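Student: Please take a close look at one part of this model, the largest pocket. What lines the largest pocket, by class?

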Amino acid sequence: EALDIMIHTRADALYDVGEQIGRNTRFERGVEYATTRMGIIGGFDLWNRELKKLAGLGTIAHLMDDMKVLMTKGSVAETKKSAEYLASLGLGPSQVERIWKQVSAVGGGNKVNDMWWPNTEAWTDQEAVRLFRQALTGDVSSTIITPGLERPLWMDKNIGFKMIGQFKSFAFSSQSKTVMAALQAPD
């Protein structure tokens with residue numbers, strides 16, 4: 001989730017965009033280079049990367065606490081709240097048990113100051129690794145809003161509307177993601 005810097009330059013490498021030697025002027029190639037790296041130049045990618053790292057640490061702590069509550073059969077209120085949170089990330093009781101077995105196995109996780117930190121590299125169950133990482137990614141991406149394809153349908157009507165809304169697409173995307181998350185979580 002914290003790889004925005006790499007994603008911007010990876011598209012050029014995948015599609016051999018830089019292989020157009022001699023097709024554009026030096027100025028045009030310079031402008032194209034700057035536009036693909038605008039997130040780096042403006043500092044947006046660095047800002048998002050660091051915020052996603054912090055959100056990831058908080059999410060790991062929250063996930064592990066809630067899995068611990070479910071696996072140790074905490075109070076009814078705690079268990080219900082933990083089960084709801086984990087279910088919102090796509091983790092049911094069987095998946096939580098599968099992940100917890102990997103965490104509690106030798107080398108699968110470390111307990112530091114009464115907090116479990118998973119070591120997914122040492123896990124033997126690859127499905128558990130996928131489930132845990134998918135839940136982590138889902139929560140981090142909903143915590144730190146990253147531009148996506150969410151935008152109003154009127155922007156797809158014709159080229160004029162696209163041009164009018166092109167610089168506001170992140171505002172539309174982030175607004176819809178924030179509002180949807182707020183409507184789904186009444187607290």
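Tutor: Accessible areas come from the Shrake-Rupley method with a 1.4 Å probe, and for residues only the protein chains shown count as cover. On that basis the chain exposes about 12,800 Å², with 61% of it on carbon and sulfur atoms. The model is predicted: local features need pLDDT of at least 70, side-chain atom pairs count only at pLDDT 80 or more, and totals for chains, interfaces and linings use all residues. Numbering runs from 1 along each chain as its sequence is written, and side-chain values use heavy atoms, without hydrogens and water.

The chain holds nine helices and two strands (DSSP runs numbered from the N terminus: helices H or I, at least four residues; strands E, at least two). Their order is α-α-α-α-α-α-β-β-α-α-α.

Now the pocket (an open set of points on a 1 Å grid over the protein atoms alone, where a 1.4 Å probe fits, with protein on both sides within 12 Å along at least five of seven lines). The largest one has a volume of about 840 Å³, meaning the space filled by probe spheres set on points joined across faces, edges and corners. Its lining counts 21 residues (an atom within 4 Å of a point), and closest to the centre are Tyr85, Ser88, Asp139, Gln184 and Ala185.

Helices α4 (44-71), α5 (76-88), α7 (126-143) and α9 (169-184) each supply at least two lining residues. The most come from α5, with six. By class, the lining has seven nonpolar residues (Ala, Val, Leu, Ile, Met, Phe, Trp, Tyr, Cys, Pro), seven charged (Asp, Glu, Lys, Arg) and seven polar (the others, Gly among them).
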